[in-house]
Amino acid sequence: MNENESSSDRNLWIAVALCLVVYAVWSSFFGRKTVAPLSVATNLPATETSSTRPPSPRDPTPEIASSVDEATLGDASIRVAPHGAALVGYTFQGPVSSVELVADSAHGLLSTFSDLRFTRDRHSKGLVYRATRPDGISITKEFIPGLGTVLPRLIIVASNPGPRPVQLDNWSLTLGPGLGTVESARKENPKETRVISLAPQAKHIEKMSASSTISDYRWVALENLYFLAAIVPAREQFEPAASPAEGTLSLKAKLVTLKSRGIFTWQVPFYLGPKSHGALEPYGLDLEKSIDYGWFRDIGRPIFRTLAFLQAHLGNWGWSIIVLTLGLQILLLPLTYKSLKAAAAMRILQPEITKLQQRHKDDPTRLNSEMMALYKKAGANPLGGCLPMLAQMPIFIALYNVLKNSWELHGAPWAFWIHDLSAKDPFFVLPVVMGGLMFAQSKLNPPAGDPTQQQMMMFMPLIFTVMFAQASSGLVLYWLTNSLVSTLLQLALRDRLNAAI
């Protein structure tokens, strides 16, 4: 491979790198709205809590904390506070360690009638909590676990034992502020936490900002990277869903008039757990649309399904990523071949282009005209090498989001020292090997004539290594495999391309 062909290949690498940098910057600043850091529940398991973290100023007082009721709801261990009968603890066993979904134990999740003090009805077989308002209205709050394809439910019953009608209003059902997560995602959790909703017949979720409301929805939820706290209320019973502050979801109940000895019931299905296709799809409510695959979600979803299909047969997510990468290389082979062929064609024209640049260096207009005439005569396209590469970027970006947002990869091992494909390589071996491969590849090619380009290519392996050092092992594994296969493919096709020109 001579200098001219190497120059075209370097330009492609630079284009790809710039695309990656732009996408990374966009994801950091615009992909999620940043919210203020949230306090962390004091009852987190030791495996998920740092001993140096100071106590939250919004934690319950010792008096309230001592009266918290502990119980189980489905597969989760819960803690119910007396005020509002809110869930101030919701812990379940994840693949790596215990996961606590309550980020702020001073407010909790599914809080209602926060001014009332509830006590558990020990005579009931279920999780039933009761309180009485000053006007004599009795409030019953029951948590019912899910069964099969039926979501868990929160049933709230108000009864009026008095002789006169009573208006019942001014109470809300709230989630947050914040939602707990696993240790590996804790640092980014504040900016990953947001309120979302899905409108009827909608294909994609809607992101709610602070102080916004939405009235037409199938469900509304609080989410972060891996987890979802969703509620499916009857819209005729509640005012439009609101997000009074970042990371908080609130539903205000509509006015209800209770007749003498009358009863009114609110039934709110809910979901608290990981955002995995296997957990969300059986409910048939499109909750799985909360899994964020970014701009190219329509590409990301089939990519994930293919990856899951491979995992079901191979039994390993890491090997599935490698096989998927090979499959994508085969699928994109026509584009890759076209890109390499275009680069080879431009190599043939490079001596003529150099002569034109020297001849018309003081006349840019004439130079461009002569170069376009040369391209037309030779049937070459100066963008022919770049466009096929850019056409592959949506696939890479979609796969990036699949590997970043898939709960299924959390705690999933590959081989050797990689025990969690959703976390970074603990020893940075994969990114270093990837950078080393890029460095070796650059050394196989003659240096570029442009000093600026030489410096760019010298630092390119380092730039990629730094970029991927904190990325998930699954993503680095994909890019390393992709780089290795691309290099071998380029070497294998080099003689054929030279003979075809």
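Helices and strands are taken here as DSSP runs, at least four residues long for helices and at least two for strands, numbered from the N terminus. The model examined in these exercises is predicted.

**Exercise 1. Locate Asp-286 and Phe-416, and characterise their backbone and exposure.**

Solution.
Step 1. With the elements numbered in this way, Asp-286 falls in the loop between H4 and H5. Phe-416 belongs to the loop between H10 and helix H11 (429-444).
Step 2. Asp-286 is not a glycine, yet its phi is positive, at about 60°. Phe-416, also a residue other than glycine, has a positive phi near 55°.
Step 3. A residue counts as buried under 20% relative accessible area and as exposed over 50%, with partly exposed in between. The relative accessible area of Asp-286 is 22%, so Asp-286 is partly exposed. For Phe-416 the value is 63%, and this residue is therefore exposed.

**Exercise 2. Describe the overall make-up of the protein.**

Solution.
Step 1. The secondary structure comprises 13 helices and 20 strands.
Step 2. Of the 501 residues, 50% are buried.
Step 3. Among contacts with a separation of 6 or more, 66% are between residues 24 or more positions apart.

**Exercise 3. Determine how H5 packs against H10 and describe the contact.**

Solution.
Step 1. Two packed helices are described by the angle between their axes and the distance between the axes. For H5 and H10, the axes come within 9 Å and cross at roughly 60°.
Step 2. An angle from 65 to 115 degrees would count as roughly perpendicular and one under 35 as roughly parallel. The crossing angle therefore makes H5 oblique to H10.
Step 3. The handedness of the H5 and H10 crossing is right-handed.
Step 4. H5 contributes Ile-299, Gly-300, Ile-303, Phe-304 and Leu-307 to the contact, and H10 contributes Pro-394, Ile-395, Ala-398, Leu-399, Val-402 and Leu-403.
Step 5. By class, the residues of this contact of H5 with H10 are ten nonpolar, one polar and no charged.

**Exercise 4. Carry out the corresponding analysis for H5 and H6.**

Solution.
Step 1. The axes of H5 and helix H6 (residues 317-331) come within 8 Å and cross at roughly 125°.
Step 2. H5 and H6 are therefore oblique to each other, and their crossing is right-handed.
Step 3. On the H5 side, the contact includes Ile-303, Phe-304, Thr-306, Leu-307, Ala-308, Leu-310, Gln-311 and Leu-314. These residues meet Trp-317, Trp-319, Ser-320, Ile-321, Val-323 and Leu-324 of H6.
Step 4. The contact of H5 with H6 consists of eleven nonpolar residues, three polar and no charged.

**Exercise 5. Survey the aromatic pairs and classify the geometry of two of them.**

Solution.
Step 1. The whole structure contains 21 aromatic pairs.
Step 2. Tyr-271 and Tyr-283 lie 6.1 Å apart, centre to centre, with 65° between the planes. Planes over 60 degrees apart count as edge-to-face, and this pair is edge-to-face.
Step 3. Tyr-271 is in strand E20 (residues 263-274), whereas Tyr-283 is in the loop between helix H4 (277-280) and helix H5 (297-314), and twelve residues separate the two positions. Both Tyr-271 and Tyr-283 are buried.
Step 4. Phe-396 and Trp-479 are also an edge-to-face pair, at 4.9 Å centre to centre and 65° between the planes.
Step 5. Phe-396 lies in helix H10 (residues 393-405) and Trp-479 in helix H13 (residues 473-500), so this pair ties together parts 83 residues apart in sequence. Phe-396 and Trp-479 are both buried.
Step 6. Ring pairs also join Phe-113, Trp-171, Phe-238, Phe-264 and Trp-266 into a cluster.

**Exercise 6. Establish the surroundings of Thr-248 and the peptide bond from Gly-176 to Pro-177.**

Solution.
Step 1. Thr-248 is placed in the loop between strand E17 (241-243) and strand E18 (249-252).
Step 2. Its relative accessibility is 12%, so Thr-248 counts as buried.
Step 3. Leaving aside residues up to four places away in sequence, Thr-248 touches Leu-175, Gly-176, Pro-177, Val-195, Leu-222, Ala-242 and Ser-243.
Step 4. The peptide bond from Gly-176 to Pro-177 is cis, with omega near 15°. Pro-177 lies in the loop between strand E11 (172-175) and helix H3 (189-192).

Notes: Residues are numbered from 1 along each chain as its sequence is written. This is a predicted model: local features need pLDDT of at least 70, side-chain atom pairs count only at pLDDT 80 or more; totals for chains, interfaces and linings use all residues. Side-chain values use heavy atoms; hydrogens and water are left out. Rings of Phe, Tyr and Trp (its six-membered ring) pair if their centres lie within 6.5 Å; planes under 30 degrees apart count as stacked, over 60 as edge-to-face and the rest as tilted. Buried means under 20% relative accessible area, exposed over 50%, partly exposed in between (1.4 Å probe, protein chains only). Axes are lines fitted to C-alpha atoms, for helices over the stretch in contact, and angles run from 0 to 180 degrees between N-to-C directions. Angles under 35 degrees count as roughly parallel, over 145 as roughly antiparallel, 65 to 115 as roughly perpendicular and the rest as oblique. A crossing is left-handed if the near helix is turned anticlockwise from the far one by less than a right angle, and right-handed if clockwise. Contact means heavy atoms within 4.5 Å. Ala, Val, Leu, Ile, Met, Phe, Trp, Tyr, Cys and Pro count as nonpolar, Asp, Glu, Lys and Arg as charged, and the others, Gly among them, as polar.
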